[in-house]
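Colleague: I have a structure open and would like to learn how to read it. Could we go through its features one at a time?

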Amino acid sequence: MTVQPNEITEVLNRPISQELLARDLTRLAYVAKDGTPRNVPIAFTWNGSEIVMCTTKNAPKLPALRNNPTVALTIDTEVHPPKILLIRGRAELDFVDGIPDEYLQATSTYEMTPEQRVEWEAEVCSLYHDGMVRIVVTPTWAKLIDFETTLPSAVEELVRQREERQRG
């Protein structure tokens, strides 16, 4: 199924999508080197065109993403009805010296006192002194499910079938 860039932009620019893209945690799904699926929570930031996540240079996901860069992301809420943003794309790996700004931005919502934040950032700098890897995903597909104006495709199909039964 081919999705045009303007369709992706339209989905991502919806107010609910923008709220979800402002959250601090996504679930990153990818295929591990052994061919089995993985789904990991990871902090992220949205820069207006890309999802940026940061990880350690020795993370097991990196060889898997080099081997198969196709990924899926889920950003959602924990309330009823849930709001769910589904994104697919290709991961590009960017090895960087130091701590990427996106990592500090993605973790800026963590509840800490200013003193705790200073201590935490010092710990991060000490731990990741060899740098980190930016995992950059440009969306190639996106769907927003809010259970008010949009539904999962299987539920949409059930609604259509029910309407046909009611008419018939």
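Modeller: Start with a term: two strands pair if DSSP finds at least two bridges between them. Keep in mind that this is a predicted model. In general, strands of a sheet pair through backbone hydrogen bonds, either parallel or antiparallel. Here, strand β3 (residues 51-55) and β6 are paired in the antiparallel sense, with 5 bridges.

Colleague: Which residue of β6 is the bridge partner of Ile-51?

Modeller: That partner is Val-137.

Colleague: How many bridges join β5 and β6?

Modeller: There are 13 bridges between β5 and β6, again antiparallel. One residue to look up is Arg-88, whose bridge partner in β6 is Trp-141. Strand β5 (residues 84-96) also pairs with strand β4 (residues 70-76), in the antiparallel sense and over 7 bridges. In that region Val-71 stands opposite Gly-89 of β5.

Colleague: In what order do the strands close into a barrel?

Modeller: The 6 strands follow the order β1-β2-β3-β6-β5-β4, with antiparallel pairing. From one strand to the next, the twist averages 40°.

Colleague: Next, the interior. What is the general idea there?

Modeller: In soluble globular proteins, nonpolar side chains tend to be buried together. In this model the largest nonpolar core has 30 residues. Leu-12, Leu-21, Ile-51, Met-53, Leu-85, Ile-87 and Val-137 have the most contacts inside that core. Strand β6 (residues 132-145) gives the most to this core, namely 6 residues. Another core, of 6 residues, lies apart from it and includes Cys-54, Val-124, Tyr-128 and Met-132.

Colleague: Leaving aside its neighbours within four places in sequence, which residues is Ile-51 in contact with?

Modeller: With those neighbours left aside, the contacts of Ile-51 include Leu-21, Phe-44, Trp-46, Leu-73, Ile-87 and Val-137. Val-137 is also the β6 bridge partner of Ile-51.

Colleague: How do I read a helix that lies on strands?

Modeller: Begin with the geometry of the helix. An α-helix has 3.6 residues a turn, so residues three or four places apart point the same way. Helix α1 (residues 5-13) lies across β2 (37-46), β5 and β6, and runs at about 90° to β6. Its buried residues are Ile-8, Val-11 and Leu-12. Viewed down the axis of α1, these buried residues fall within an arc of 95°, so they line one face of the helix. They pack against α2 (15-21), β2, β5 and β6.

Colleague: Is Leu-127 buried or exposed?

Modeller: Leu-127 is exposed, because its relative accessible area is 55% and the cut-off for exposed is over 50%. Leu-127 belongs to helix α5 (residues 114-127). Its C-alpha atom is 9.4 Å from that of Thr-56, although the two residues are 71 apart along the chain.

Colleague: Last, the cysteines. How many disulfides are found in the whole structure?

Modeller: The general idea is that a disulfide is a covalent bond between the sulfur atoms of two cysteines. A search of the whole structure finds 0 of them.

Colleague: Why is there no bond at Cys-54?

Modeller: The closest cysteine sulfur to that of Cys-54 belongs to Cys-125 and is 13 Å away, so it is too far for a bond. Cys-125 is likewise in no disulfide. As for exposure, Cys-54 is buried, with a relative accessible area of 8%, whereas Cys-125 is partly exposed, at 45%.

Terms used: Residues are numbered from 1 along each chain as its sequence is written. This is a predicted model: local features need pLDDT of at least 70, side-chain atom pairs count only at pLDDT 80 or more; totals for chains, interfaces and linings use all residues. Side-chain values use heavy atoms; hydrogens and water are left out. A nonpolar core is a set of buried Ala, Val, Leu, Ile, Met, Phe, Trp, Tyr and Cys residues joined through side-chain atoms within 4.5 Å. Buried means under 20% relative accessible area, exposed over 50%, partly exposed in between (1.4 Å probe, protein chains only). Helices (H or I, at least four residues) and strands (E, at least two) are DSSP runs, numbered from the N terminus. Contact means heavy atoms within 4.5 Å. A disulfide is a pair of cysteine sulfur atoms within 2.5 Å. Axes are lines fitted to C-alpha atoms, for helices over the stretch in contact, and angles run from 0 to 180 degrees between N-to-C directions. The arc is that of the directions from the helix axis to the C-beta atoms.
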